[in-house]
Structures are given as C-alpha cells and as structure tokens.
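User: Please take a close look at the largest pocket of this model. I would like to know what lines it and what surrounds it.

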Amino acid sequence: MTPETQIESTSSKSFCFIENAGPVGITIFGARSDLARRKLFISLYSLFEQEAINKKFFLLGSSRTPMNDEGFRKWVSESIHESGETID
C-alpha cells in the first residue's frame, strides 16, 4: 500500500488526494524547449516537494541540442530558480 499525499489546489480551495506511486521515470521530449523550462520542470519539482512523486523518481530529457547529465541538471535547476522556487 502506498501513502496518499493531500495536495491543495492553488486555483481554488478544493483538495485532491494523490497516491504516491513507487519509483517512476518520466521522459520529456524537447527538454530544452521553452515549455519544459517555464512549466514542466517547475510543475514536476512542485509535485516532488509535496511528496506526490517518489524519492526514487528520475527524469530523462531528450532534445536535439547535445547535452550531458551535468548540463541537463544545470538547465533544470536554472529553470526552477528563475521561477522563484528554491531547491534544497
């Protein structure tokens, strides 16, 4: 049985319950895109902070622009910082 996480909607006062699944991976095609930078990484980080994503989560980015692991991590981190979020 997996724990449930209660998440408050930012657009209203309603709540939803998300069951935290086991280890999971997500592939983002177009990881260097504006959409990924402005929306996807920030949303995924928010879910991670709310413990709606398992700590064994991994993200795989695919793009036409060559990038190594360190460069991709920096790209994601910068996009989160630009949004005003803080990374622990």
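Analyst: For sorting a lining by residue type, Ala, Val, Leu, Ile, Met, Phe, Trp, Tyr, Cys and Pro count as nonpolar, Asp, Glu, Lys and Arg as charged, and the others, Gly among them, as polar. On that basis, the lining of the largest pocket divides into 15 nonpolar, 6 polar and 6 charged residues. The model is predicted, and what follows should be read as a description of that model.

The largest pocket holds about 590 Å³ of space. Its lining consists of 27 residues, and Phe57, Leu59, Phe72, Arg73 and Val76 are the closest to the pocket centre. Two or more lining residues come from each of helix H1 (34-49), strand S4 (58-62) and helix H2 (69-82). H2 gives the most, with 6 residues.

These elements belong to a protein chain with 2 helices and 4 strands. Their order from the N terminus is β-β-β-α-β-α. Of the 88 residues in the chain, 22% are buried. Among contacts with a separation of 6 or more, 60% join residues 24 or more positions apart.

Phe72 and Val76 are among the residues closest to the pocket centre, and both also belong to the largest nonpolar core. This core has 11 residues in all; the other members are Ile28, Ala31, Ala36, Phe41, Leu44, Tyr45, Ile53, Trp75 and Ile80. H1 and H2 each supply at least two residues of the core. In soluble globular proteins, nonpolar side chains tend to be buried together. Ile28, a core member, has contacts with Ala36, Leu40, Phe41, Leu44, Leu59, Leu60, Gly61 and Ser62, leaving aside residues up to four places away in sequence. One of these partners, Leu59, is again among the residues closest to the pocket centre.

Phe72 also takes part in the 1 aromatic pair that the structure holds. Its partner is Phe41: the ring centres are 6.0 Å apart and the planes stand at 80°, so the pair is edge-to-face. Because Phe41 lies in helix H1 and Phe72 in helix H2, the pair ties together parts that are 31 residues apart in sequence. Phe41 and Phe72 are buried.

Met67 is a further partner of Phe72. Met67 sits in the loop between S4 and H2. Its relative accessibility is 31%, so Met67 counts as partly exposed. Apart from residues up to four places away in sequence, Met67 touches Arg32, Phe72 and Trp75. Met67 and Arg32 are 35 residues apart along the chain, and their C-alpha atoms are separated by 9.5 Å.

Trp75 is also touched by Arg37, a residue of helix H1. Arg37 has a relative accessible area of 14%; the limit for buried is under 20%, so Arg37 counts as buried. Besides Trp75, Arg37 touches Ile42, Glu78, Ser79 and Glu82, again without residues up to four places away in sequence.

Past H1 comes one backbone detail. Glu51 lies in the loop between H1 and S4. Glu51 has a positive phi of about 60°, although it is not a glycine.

Technical notes:
Residues are numbered from 1 along each chain as its sequence is written. This is a predicted model: local features need pLDDT of at least 70, side-chain atom pairs count only at pLDDT 80 or more; totals for chains, interfaces and linings use all residues. Side-chain values use heavy atoms; hydrogens and water are left out. On a 1 Å grid over the protein atoms alone, a cavity is a set of points where a 1.4 Å probe fits but cannot get out, and a pocket is an open set with protein on both sides within 12 Å along at least five of seven lines; lining residues have an atom within 4 Å of a point. Grid points are joined across faces, edges and corners, and a volume is the space filled by probe spheres set on the points. Buried means under 20% relative accessible area, exposed over 50%, partly exposed in between (1.4 Å probe, protein chains only). Contact means heavy atoms within 4.5 Å. A nonpolar core is a set of buried Ala, Val, Leu, Ile, Met, Phe, Trp, Tyr and Cys residues joined through side-chain atoms within 4.5 Å. Rings of Phe, Tyr and Trp (its six-membered ring) pair if their centres lie within 6.5 Å; planes under 30 degrees apart count as stacked, over 60 as edge-to-face and the rest as tilted.
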